[in-house]
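Thanks for coming, everyone. Please take a look at the model on the screen, and I will walk you through a few places in it.

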Amino acid sequence: MGIRLRAGLAAIGLLAATGTAILAAATSAHADTTICEKYGSTTIQGGRYVVQNNVWGTDQTQCINVTSTGFSISQANHNVPTNGAPASYPSVFYGCHYTNCSSGTILPLRVSDSRFAGIQTSVSMSYPSSGQWDAAYDIWFDPTPRTDGQNTGAEIMVWVNHAGAPQPVGSRVATVNLANGTWDVWFGNIGWNVISYVRTQGTGSVSFAPSAFLNDAVSRGYAQTSWYLTSIQAGFEPWTGGQGLAVNNFSVTTNGTPPTSNPPTSSSPPPNPGNGKCSVTYTKNDWGGGFTADVKVTNTGSAALNGWTVAWSFSGNQRITSSWNATVTQSGTAVTARNMSYNASIPPGGSTAFGFQGTYSGSNPVPSITCS
């Protein structure tokens with residue numbers, strides 16, 4: 001269907017037609033924020049990283065517990081065939097994915113840019129004693145500096161650990177020594193190149209430069225140095241079980257510079273809450289009889305925005321069939337979208353996003369939208 005394209009197309013037998021979440025950044029999370037919405041997401045460390053639930057392969061409930069440094073799957077009992085797509089890809093990411101960019105990111109960044117070699121990432125993870133899953137980085141490259149839609153260059157997956165029967169897409173082509181480990185290299189193409197590096201001895205923590213894996217992929221003809229790095233993600237693909245999988249700590253540094261998401265505060269009094277202003281951008285993707293839309297809400301004021309409502313009227317027979325990261329109601333042609341509890345607050349200059357899927361016939365112009 002191509003309605004929503006996911007982060008992490010790893011499963012053997014996975015078809016390019018399989019859909020998944022369009023990811024939405026929300027407001028900064030405090031420790032122990034729980035998200036059970038299928039496509040719910042939030043940010044941590046002042047917006048430097050986005051955490052997403054992303055239950056795209058099943059209708060079963062999955063909840064994640066978001067901390068200040070990562071997340072854990074607090075509720076999941078998945079059971080999907082291990083020769084197909086996984087149930088979900090809950091993860092934390094740095095960079096830009098679909099219409100959402102983490103705060104202060106230097107991505108998208110061309111691989112040939114000297115700054116690319118200076119990027120480092122690390123993760124520590126915990127695993128349950130049961131279930132079938134992989135624990136994997138998902139590192140995306142595109143021929144253009146894309147900040148929306150599906151990347152079409154290369155998807156490099158770094159399988160830190162895995163359990164059970166699932167295998168990467170494609171077939172094994174080599175074994176290499178990289179990033180203080182030995183990795184089996186798998187390659188397949190599902191509309192873009194998927195290069196998976198599976199550690200021969202699983203581990204709970206790794207630290208590496210994404211350039212090490214990209215350079216190997218380039219040497220095999222699977223990627224190009226003219227492409228752009230768009231996002232670095234770390235998380236899990238569960239097929240069975242899933243509860244207990246956890247990213248304890250995740251970080252991305254650039255040129256040795258640690259995260260700067262918590263700058264020193266001034267002695268000025270805090271802004272008066274609830275006095276922000278907002279603007280909206282609306283991006284849609286049409287196909288015959290159906291469409292999806294991504295709506296980004298940005299705080300353009302000098303004070304925090306605590307709660308928001310977006311409204312518009314369709315010009316024809318458009319009907320909304322599902323939505324994520326907002327409570328969306330429709331009466332005739334009139335539509336109202338209101339924040340969820342976890343993305344109600346937007347700091348000055350910050351943004352959040354929601355989306356929906358719908359049907360229509362005839363024309364489907366972008367509506368005039370108000371935000372309050």
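**A serine in a loop**

Let's start at Ser88. Ser88 sits in a loop, the one that runs between β6 (77-79) and β7 (91-97). Keep in mind that this is a predicted model.

Is Ser88 buried or exposed? Its relative accessibility is 0%. Buried means under 20%, so Ser88 counts as buried.

What does the side chain of Ser88 make a polar contact with? The partner is the side chain of Gln62, at 2.7 Å. Gln62 also appears in the wider list of contacts of Ser88, once neighbours within four places in sequence are left aside. That list includes Asn53, Asn54, Val55 and Trp56. His78 is on it too. So are Phe236, Glu237 and Pro238.

**An open sheet**

Next, a sheet. Six strands make it up, and the sheet is open. Follow the order with me: β1, β4, β5, β18, β10, β16. The pairing is antiparallel. Which strands are at the edges? They are β1 (33-35) and β16 (205-208), and each of them pairs on one side only. From one strand to the next, the twist averages 20°.

As a general reminder, strands of a sheet pair through backbone hydrogen bonds.

Now zoom in on one pair. Strand β4 covers residues 63-66, and strand β5 covers residues 71-75. The two run antiparallel, joined by 4 bridges. Find Asn65 there: opposite Asn65 stands Ser72 in β5.

**An alanine in a strand**

Move along to Ala311. Ala311 belongs to strand β22, residues 309-313. How accessible is Ala311? Its relative accessible area is 25%, so Ala311 is partly exposed.

Who does Ala311 touch, not counting residues up to four places away in sequence? Val335 and Thr336 are two of its contacts. Ser368, Ile369 and Thr370 are also touched by Ala311. One distance to note here: the C-alpha atoms of Ala311 and Val328 are 9.5 Å apart. Along the chain, those two are separated by 17 residues.

**The whole protein**

Last, step back. How many helices and strands are there? The protein has 1 helix and 28 strands. It has 372 residues, and 53% of them are buried.

Then the contacts. Take those between residues at least 6 apart in sequence: 69% of them join residues at least 24 apart.

Finally, the surface. The protein exposes about 14,200 Å². Carbon and sulfur atoms supply 47% of that area.

That's the tour. Over to you for questions.

Notes
Residues numbered from 1 in each chain as written. Predicted model: local features only at pLDDT ≥ 70, side-chain atom pairs only at ≥ 80, totals over all residues. Heavy atoms only, no water. Buried < 20%, exposed > 50% of the residue type's maximum accessible area, 1.4 Å probe, protein only. Polar contact = N/O pair within 3.5 Å; in protein donor to acceptor, adjacent residues only side chain to side chain. Contact = heavy atoms within 4.5 Å. Pairing = 2+ DSSP bridges. Axes fitted to C-alpha atoms, helices over the stretch in contact; angles between N-to-C directions. Areas by Shrake-Rupley, 256 points an atom, 1.4 Å probe, with all protein chains shown as cover.
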